[in-house]
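This report covers local backbone features, a chain interface, one helix and some aromatic pairs. The structure is shown first.

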Amino acid sequence: MNLTTQKNYRKFVLGLSIAVMAAVVIAVSSWPSQAQGNSEVTLIKNATILTVTKGTIQNGSVLIRNGKIAEVGTNIQAPAGATVIDGTGMFVMPGIIDCHSHIAVDGGVNEGSISVSSMANILDVLNPVDIDIYRDLAGGVTSANVLHGSANAIGGQTTVIKLRWGQPAEKLVFEGALPGIKFALGENPKRSNSTVLPGQPRRYPATRMGVEDVIRQAFTEAVEYKKKWENYNRRKATGELNLIPPRRDLRLDPLVEVLEGKRYVHSHCYVADEILMLIRVANEFGFKVRTFQHVLEGYKVAKEMAAHGAGGSTFSDWWAYKLEAYDAIPYNAALMTQKGVIVSINSDDAEEAQHLNQEAAKTMKYGGLSHDEALKLVTINPAKQLGIDNRVGSIEVGKDADLVIYNHDPLSVYAVVQKSIIDGKVYFDRQKDIANRAEIAKEKQALLDKERQAGAGRGGRGPGGGRGPGDSIQDREE
Amino acid sequence: MRTSRKKLFLALFAFVMVAALAGAFPAEAQQTYAITHAKVFPISGPPILDATVVIRDGKISAVGKGAAIPSGAKVIDAKGLEVYPGMFNAVTELGMNEIGQVDASVDTHELGEYNPQLVAATAVNPASAHIPVTRADGVTHVIAAPGMGGGRGGGGGAQVIIGGQASLFNLAGWTMDEMKIKTSAAMVINWPALPGGGGGRGGAAPQGAAPAGGANRAEYDRQIAEITEWLERARHYSAAMQANKAAVERDLKLEALVPVVKGELPFFVVANQANQIREAVAYCDKQKVRMILATGNAAGEVKELLKEKSIPVILRPVLTLLRGEDDPYDQNLTLAAQLSAAGVKIAFGSFGNEFARRLSQWAGVSVAFGLSHDEAMKALTINPAEMFGVGKELGTIEVGKMANIIVTTGDPLELNTEVRYLFIRGQLTSTDNRHRQLYEEYRKRQ
């Protein structure tokens, strides 16, 4: 990272901590039940606690204090003034972490005009009112890796969020989580399945060879750029005067961060050869691929992935929607796990994210993972892949109180999320959601009536607009 | 004596020929099976504990506690296992669409707006990798439908209105002749878009959009008038054929529509908006055409109408993104329960292929959100069989029915349940498939 970015980053972190502090003050002052106002305490009791890393506790309790897990066990008494959630018949697990999401993004996720779009940053376009945040919360997701699309060999910068529905954009950001950058290999960056309009030139690259070239070219430039800055900084440190700093390159800055290990590479990929290609390129330039995303043929080269230290974040059972997905098998997650890769199951889709627990459960059938191994695929493993496992991903004392309460074993198809909790705060409550529906419908009707009166005769979009026409399967898979 | 022997021989010969043509009896004698000590869920009645199911000549020949095991039967001890009718995926493109984005592997959409003469079975590749993959999870027979959801890229941009005939077939066999159950099971019609209907995603069909939104009323009326014209011509054609066949010039499109206007072949109506469904129901009612509705959450808005008119519904995958920002988050998940409670007959379909094996998951999720387990099982078995007119041949474990049966490790709706044995038309059928083979192959890599 060069000085300018470092400064900006510091500013950003400072601003963020101020925002967090302010929000905490506001939040604390709005807690009516806290007479002392010093701490928020919640006890979930009589539930089956799936800690993921420390086994399962029958008739267990979790004590939450100040947004953190304070105690986990069987005989925890509720402190005075604590909110008590009776978990009889319920299952508590760590909040689900979706390692590949495109929710909470304002507008498109692809800056598709160029092959290296590393200057584009998801952080700049977070949309805190995207309803998909709430819907994924309702499916037990508490953190998500929000990624740029896969139209480019080197795509935009990515960010990890917590699904703090109702909070402003800056409060969605997972504090301290290392940012990432999206890479993409195969059919999407070579635009195999996109239509080129008459007169429009095709974009380089159009082959997997070209994809490799684009990445090597960009890193070749990044290495030179990094040298220039290092040279400048060294000379400046010696007190040399009248130095002209190198020209800043927003496209290369994030790649320098990758080289310095300050930014994770999350690479979209499908087939075995391109996975090996990126490992070779990464080794050549001395950086690590943090995760291979989708990685449907990861099972073929799991050994090489494990040796590189790359994680694999894949789909459960989606296949054959395009040529490079024809060798996709539902055993992929299990097989990569058995070969020593840290594996997660991701959604890549706002709907799929609502049942990642079910998708993880399928690995018990396809490949014979154990109950605990299956749970890890959507909790501690994605946390490790995103470098946030010291904060989330398991139910352990000291970790963030990001929890989901289900009415059945979450690996059962019959499990329904009852509550989703982030930092000890309930962000989704199924009973409340149901109770509020009549009120929301009434409000909506009133607004519609008002608009109808005001805009009689004016055209407009009918109901049920949602995502526009022209959405295709390709948009789903990024 | 000679004459009667000749007659007998002829009759026998004729019988053999008909049987062979019908494809019901393969040349070689079939193995008889007895599944014993199983918990049998016949769907037509309550579960039977420690029961025996006998399979003979492709059919179920006995069901019950202590049913006699014929000599020579291969006995499968199913102690601890459960027996169900094979599941019926009520809409797919299996065999017609191998890899969604590889045009050469896709045979679902023909050029032209009106193609009633096309038959899905013609384009089903019996060697498709999708077939064994799908049956490994307990789906024994499916509908494959052509031309659903408007035009494909290769369709020259033209919309499809009548897409062709959907075919019902078993997921096992060397050729379609061996697989087919009913090659013409329904006539696909994409209901024209109405103004104010919105566009958006056509649900799970990978080809995406239903006829594009924002249509104007005049265009809609023109299309409906065209459909009416086709039906009228088919009626005249039918009458003329009946009056004097020799005097009528054969017309393949009209010929294909005759069973529709006679009420023998249902329209398989693809519609995504409530106003489209209302119009389609009123239209089919007026035209005296039977109708099966293929739709998503719009069905919830018109459930009383669907109940009143006894319109059965094939639901799009319930795990599909909601279109309306204000819709309750679980609207798709509770849809099956809502329709069932209203008395509407439902089934599940994958529409596309890439999630064809999620059939039981959709039913399971619907149970989690209020559908009874019994109704969910019916929606996977007997309901779609009845919709497509094969309720007497398929869908339950009863004597005389085609032996499409699964033997599972437990509740078929649960995510970790495995299919141990699979019978299709009475044949013990492999659950091996491309995915398992790749798994076994790469598991060996050191």
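B:Ser310 is exposed (over 50% relative accessible area with a 1.4 Å probe, protein chains only; under 20% is buried, and partly exposed lies in between), its relative accessible area being 61%. This is a predicted model, in which local features need pLDDT of at least 70 and side-chain atom pairs count only at pLDDT 80 or more, while totals for chains, interfaces and linings use all residues; side-chain values use heavy atoms, with hydrogens and water left out. Residues are numbered from 1 along each chain as its sequence is written, and chains are lettered from A and ligands numbered from 1 in the order in which they are written.

Two residues of chain B that are not glycine have a positive phi, and the table sets them side by side. Helices (H or I, at least four residues) and strands (E, at least two) are DSSP runs, numbered from the N terminus.

| Residue | Phi | Relative accessible area | Loop of chain B |
|---|---|---|---|
| B:Lys288 | about 55 degrees | 66% | between helix H7 (274-287) and strand S11 (291-295) |
| B:Ser310 | near 50 degrees | 61% | between helix H8 (303-308) and strand S12 (313-315) |

Most residues other than glycine have a negative phi, and most peptide bonds are trans. A cis peptide bond joins A:Tyr204 and A:Pro205, with omega at about 5 degrees. A:Pro205 is placed in the loop between strand S9 (180-184) and helix H4 (208-237) of chain A.

B:Thr36, by contrast with the exposed residues above, is buried at 6% relative accessibility. B:Thr36 belongs to strand S1 (residues 33-40) of chain B. Contact means heavy atoms within 4.5 Å. Apart from neighbours within four places in sequence, the contacts of B:Thr36 are B:Ala51, B:Thr52, B:Ile69, B:Val75, B:Ile76, B:Asp77, B:Ala78 and B:Lys79.

The interface comes next. Contacts between the two chains involve 64 residues of chain A and 53 residues of chain B. The buried area (accessible area, 1.4 Å probe, that two parts lose on being put together, summed over both) is about 5,300 Å² between chain A and chain B, with 53% of it from carbon and sulfur atoms. A:Arg135, A:Trp319 and A:Tyr414 supply 14% of the area that chain A buries against chain B, more than any other three residues.

Salt bridges (a side-chain nitrogen of Lys or Arg within 4 Å of a carboxyl oxygen of Asp or Glu) number nine between chain A and chain B. In one salt bridge, the side chains of A:Glu304 and B:Arg445 meet at 2.6 Å, N to O. Polar contacts are pairs of N or O atoms within 3.5 Å; within protein, one must be able to donate a hydrogen and the other to accept it, and residues adjacent in sequence count only if both atoms are side-chain atoms. Across the interface of chain A and chain B, 34 residue pairs are in polar contact, both residues at pLDDT 80 or more.

Helices of chain A that each supply at least two residues to the side touching chain B include helix H7 (302-308), helix H9 (356-365) and helix H12 (430-454). H9(A) gives the most to that side, with six residues. Ten of the ten residues of H9(A) are buried, so this helix is largely enclosed by the rest of the structure. Its cover includes strand S6 (96-101), H8, strand S13 (343-345), helix H10 (371-376) and strand S14 (403-406) of chain A, together with helix H10 (359-368) of chain B. After H9(A) comes A:Gly367, with a positive phi near 110 degrees.

A pair of aromatic rings is described by the distance of the centres and the angle of the planes. Rings of Phe, Tyr and Trp (its six-membered ring) pair if their centres lie within 6.5 Å; planes under 30 degrees apart count as stacked, over 60 as edge-to-face and the rest as tilted. Over all chains the count is 22 aromatic pairs. The rings of A:Trp318 and B:Phe355 are stacked, because their centres are 5.7 Å apart and their planes are at 10 degrees. This pair crosses between chains. A:Trp318 is buried at 5% relative accessible area, and B:Phe355 is buried at 14%. The pair of A:Tyr331 and A:Tyr366 is edge-to-face, because the planes are at 75 degrees, with ring centres 5.5 Å apart. A:Tyr331 and A:Tyr366 are 35 residues apart and link distant parts of the chain; both are buried. One aromatic cluster is formed by A:Tyr270, A:Phe315, A:Trp318, A:Tyr321 and B:Phe355.
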